[in-house]
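Subject: A structure for you to look at

Hi there,

I am passing a structure on to you, with some notes on what turned up in it. Please open it next to this email and follow along as you read.

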Amino acid sequence: MNYTILAYETADAYAARTDPSKQENYRAGWMAYSQVLREAGIMVTGAGLQAPDTSTTVKLQNGERLVQDGPYADTKEQLGGFYIINVPDLDTALGWAARCPAAIAGGVVEVRPNIQMPG
């Protein structure tokens, strides 16, 4: 079963991505986590996302496309990236999510089962 791990990071975590004094440590944690997932043979895919201020939100209203700069939700934590892993059950997925650098750094990690499409 595939599960998606959604990593929500604090503003400080985003700042660490570009702060020369913190960037190496920040990246090392994510690279190590990605490597462990690959070595366990459970990583399907994953990607880090650029900062929330680079996002664009699209919605339709009365058939008209409305575009807005910025993230959909204005929250303390913002979606920083995701992993899709293939594990037997939710408990296993939660175990891997607890090892995610976002969780360790005080962010939030959401786990959702993926919908299995026929075919």
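Of the 119 residues of the chain, 29% count as buried, where buried means under 20% relative accessible area, exposed means over 50%, and partly exposed lies in between (1.4 Å probe, protein chains only). A word on the source: this is a predicted model, in which local features need pLDDT of at least 70 and side-chain atom pairs count only at pLDDT 80 or more, while totals for chains, interfaces and linings use all residues. Residues are numbered from 1 along each chain as its sequence is written, and side-chain values use heavy atoms, with hydrogens and water left out.

**The overall fold**

The chain has four helices and six strands; helices (H or I, at least four residues) and strands (E, at least two) are DSSP runs, numbered from the N terminus. Going along the sequence, you will meet them in the pattern β-α-α-β-β-β-β-α-α-β. The C-alpha atoms fill a box of roughly 50 × 45 × 20 Å, taken along the principal axes. Take the contacts between residues at least 6 apart in sequence: 72% of these join residues at least 24 apart, a contact being heavy atoms within 4.5 Å.

**Strand β1 and its partners**

Ile 5 is a good place to start, and it belongs to strand β1. Is Ile 5 buried or exposed? Its relative accessibility is 0%, so Ile 5 counts as buried. Beyond its neighbours within four places in sequence, Ile 5 is in contact with ten residues' worth of company, including Tyr 33, Trp 96, Ala 97 and Val 109. The C-alpha atoms of Ile 5 and Val 109 are separated by 6.6 Å, although the two residues are 104 apart along the chain.

Thr 4 also sits in strand β1. With a relative accessible area of 14%, Thr 4 is buried. Its side chain makes a polar contact of 2.7 Å with the side chain of Asn 114. (A polar contact is a pair of N or O atoms within 3.5 Å; within protein, one must be able to donate a hydrogen and the other to accept it, and residues adjacent in sequence count only if both atoms are side-chain atoms.) Not counting residues up to four places away in sequence, Thr 4 touches Phe 82, Glu 110 and Arg 112, among others.

Phe 82 lies in strand β5 and is partly exposed, at 25% relative accessibility. Phe 82 and Thr 4 are 78 residues apart in sequence, and their C-alpha atoms are 6.8 Å apart. Further contacts of Phe 82 include Thr 45, Gly 46 and Ala 47.

**Salt bridges**

Side chains of opposite charge can pair when their charged atoms come close. How many salt bridges does the structure hold? There are two, with a salt bridge defined as a side-chain nitrogen of Lys or Arg within 4 Å of a carboxyl oxygen of Asp or Glu.

One of them joins Glu 9 and Arg 17, whose closest N and O atoms are 2.8 Å apart. Both of these residues are buried. Arg 17 is in helix α1, and its relative accessible area is 17%. A polar atom of the Arg 17 side chain also lies 3.0 Å from the backbone oxygen of Gly 80. Among the other residues that Arg 17 touches are Gln 23, Tyr 26 and Leu 49.

Arg 112 and Glu 110 form a salt bridge too, with their closest N and O atoms 2.6 Å apart. Arg 112 is partly exposed at 46% relative accessible area, and Glu 110 is also partly exposed, at 25%.

**The largest pocket**

The largest pocket has a volume of about 400 Å³. Of the 20 residues that line this pocket, the closest to its centre are Arg 17, Tyr 26, Trp 30, Gly 48 and Leu 49. On a 1 Å grid over the protein atoms alone, a cavity is a set of points where a 1.4 Å probe fits but cannot get out, while a pocket is an open set with protein on both sides within 12 Å along at least five of seven lines; lining residues have an atom within 4 Å of a point. Grid points are joined across faces, edges and corners, and the volume is the space filled by probe spheres set on the points.

Which element gives the most to the lining? That is α2, with five residues. By class, the lining has eleven nonpolar, six polar and three charged residues. Here Ala, Val, Leu, Ile, Met, Phe, Trp, Tyr, Cys and Pro count as nonpolar, Asp, Glu, Lys and Arg as charged, and the others, Gly among them, as polar.

**One loop residue**

Finally, have a look at Asn 62, in the loop between β3 (56–61) and β4 (64–69). Its phi is near 55 degrees, a positive value in a residue other than glycine. Asn 62 counts as exposed, at 83% relative accessibility.

Enjoy exploring!

Best wishes
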